Amino acid sequence: HLRPPPASQMEEVSLLRGSNCRAKGAAPGFKVAILGASGGIGQPLALLMKMNPLVSLLHLYDVVNTPGVTADISHMNTGAVVRGFLGQPQLENALTGMDLVIIPAGIPRKPGMTRDDLFKINAGIVRTLCEGVAKFCPKAIVNVISNPVNSTVPIAAEVFKKAGTYDPKRLLGVTTLDVVRANTFVGEVLGLDPRDVNVPVIGGHAGVTILPLLSQVNPPCSFTSEEISYLTTHIQNGGTEVVEAKAGAGSATLSMAYAAAKFADACLRGLHGDAGVVECSYVASQVTELPFFASKVRLGRCGIEEILSLGPLNEFERAGLEKAKKELAESIQKGVAFINK
Ligand code: NAD
Ligand code: LMR
């Protein structure tokens, strides 16, 4: 009787020929690490990344529970090999050689909290993990999910600057859930399949900084002022609606894992050399006077290849942009000051 070995020991089991390799004939793939892999987002995201044919090696890192999550995910008969890493001493091995690092580590909101209320705890978590990235995989593309994204991306940038590894093309804040929500809600209002709808969402990822450009929806369409007001509020408050519905049990995890997997897949397709990969993301930017801003970016072999212009905004959107910029400027400054204090 052979007992299955724990997933973390798989590579040491001589009975299993090639258990640590991709299947013969599989296309070469990318190495992806998820930091915070045991969490509400981390687990379903690990599941989705294990299913992505562009991934050859999936590293799951957390400070708790990764042996169990890794053992579970490793039984999926998909191409990616999975390894688990537990706690700070294993961060080096978790990160070494990675092409893409996805960071959903950190605490989520409870009802009554803003995303900025998470800063106190999550800023330090993101700093530590990014210090690891700078040391052990400085060339990796980094996707930051941990909130408040408007501040955690500037924090990551400052950590990389200090370490001398900063490349703005490789640091991306994940705002895909705002686009996913916008596509869904606009699809519902227009009676369209949400998969056929594309709404650019610019600015940042909190309250009024989430700015859907309803004048630029694809396929082209028009809305009444009532619809614009309903949609803008629904998209800006989508996260809070989920936090309230979960009533203390956290924030969006499943839709977020879907959005993060969609964005990671776009980054990998870019690295792979696919043409025309465009997603909205919160990045170092010159499209406004702010140092960071979310807008459409084209992804390629080096990460961000091009930041697309905002296009024409209507009066309502221009007013929204001014409000968004004011709050964004403060959140960016708070993140920068946290590292340079
Ligand atoms: P969660 O509490 O369920 O999971 C977080 C995980 O992070 C836990 O497993 C925890 O052990 C781990 N963790 C904590 N400190 C760590 C460290 N130093 N190193 C590695 N792992 C660590 O929370 P969740 O629901 O998965 O949310 C995670 C974060 O994502 C929150 O900050 C939340 O606000 C944010 N979020 C962002 C978006 C977005 O659109 N960008 C959407 C949803 C949630
Ligand atoms: C979201 O938009 O769902 C996330 O940012 C989580 C939250 O706190 O709202």
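Trainee: In this predicted model, at which residues does UniProt place the feature "domain: Lactate/malate dehydrogenase N-terminal"?
Mentor: The span in question is 38% helix and 21% strand, and its end C-alpha atoms lie 19 Å apart. The placement comes from an unreviewed UniProt entry, which gives the feature at residues 31-173.

Trainee: And how far apart do the end C-alpha atoms lie in the span 175-338?
Mentor: UniProt, again in an unreviewed entry, places the feature "domain: Lactate/malate dehydrogenase C-terminal" at these residues. The span is 48% helix and 17% strand, and its end C-alpha atoms lie apart by 22 Å.

Trainee: Helix H1 covers residues 42-50, and Gly 42, Gln 43, Leu 45, Ala 46, Met 49 and Lys 50 are buried there; why do they count as being on the same side of H1?
Mentor: A residue is called buried if 20 or more other C-beta atoms lie within 10 Å of its own, and in H1 that group includes Lys 50 as well as Leu 45 and Met 49. These residues are on the same side of H1 because the arc they cover around the axis is only 165°.

Trainee: Which helices do the buried residues of H1 pack against?
Mentor: Their partners include strands, namely E1 (30-35), E2 (55-62), E3 (81-86) and E4 (100-103). The helices that they pack against are H2 (66-73) and H9 (254-272).

Trainee: Which helix gives the most to the shell around ligand 1?
Mentor: Ligand 1 is surrounded by 33 residues, with Gly 36, Gly 39, Gly 40, Ala 105 and Asn 147 the closest. The shell divides into 17 nonpolar, 14 polar and 2 charged residues. With 4 residues, the element that gives the most, spanning residues 119-136, is helix H4.

Trainee: From which helix does the largest share of the shell around ligand 2 come?
Mentor: Here 13 residues surround the ligand, and the closest are Arg 109, Asn 147, Gly 239, Ser 251 and Ala 252. By class they divide into 5 nonpolar, 6 polar and 2 charged. The largest share, 5 residues, comes from the element at residues 238-246, helix H8.

Trainee: Is Glu 226 buried or exposed?
Mentor: Glu 226 is found in helix H7, which covers residues 225-236. A residue with 12 or fewer other C-beta atoms within 10 Å falls in the exposed class. Because Glu 226 has 8 such atoms within 10 Å, Glu 226 is exposed.

Trainee: How far apart in space are Glu 226 and Ala 264, C-alpha to C-alpha?
Mentor: In sequence, Glu 226 and Ala 264 are 38 residues apart. In space, taken from C-alpha to C-alpha, they are apart by 35 Å.

Note on methods
Residues are numbered from 1 along each chain as its sequence is written. Chains are lettered from A and ligands numbered from 1 in the order in which they are written. This is a predicted model: local features need pLDDT of at least 70, side-chain atom pairs count only at pLDDT 80 or more; totals for chains, interfaces and linings use all residues. Helices (H or I, at least four residues) and strands (E, at least two) are DSSP runs, numbered from the N terminus. The arc is that of the directions from the helix axis to the C-beta atoms. Two residues are in contact if their C-beta atoms, placed from the backbone, lie within 7 Å. A residue is near a molecule or strand if its C-beta atom, placed from the backbone, lies within 6 Å of it. Ala, Val, Leu, Ile, Met, Phe, Trp, Tyr, Cys and Pro count as nonpolar, Asp, Glu, Lys and Arg as charged, and the others, Gly among them, as polar. UniProt positions are given in the numbering used here, feature names are shortened, and annotations may be inferred rather than shown by experiment.
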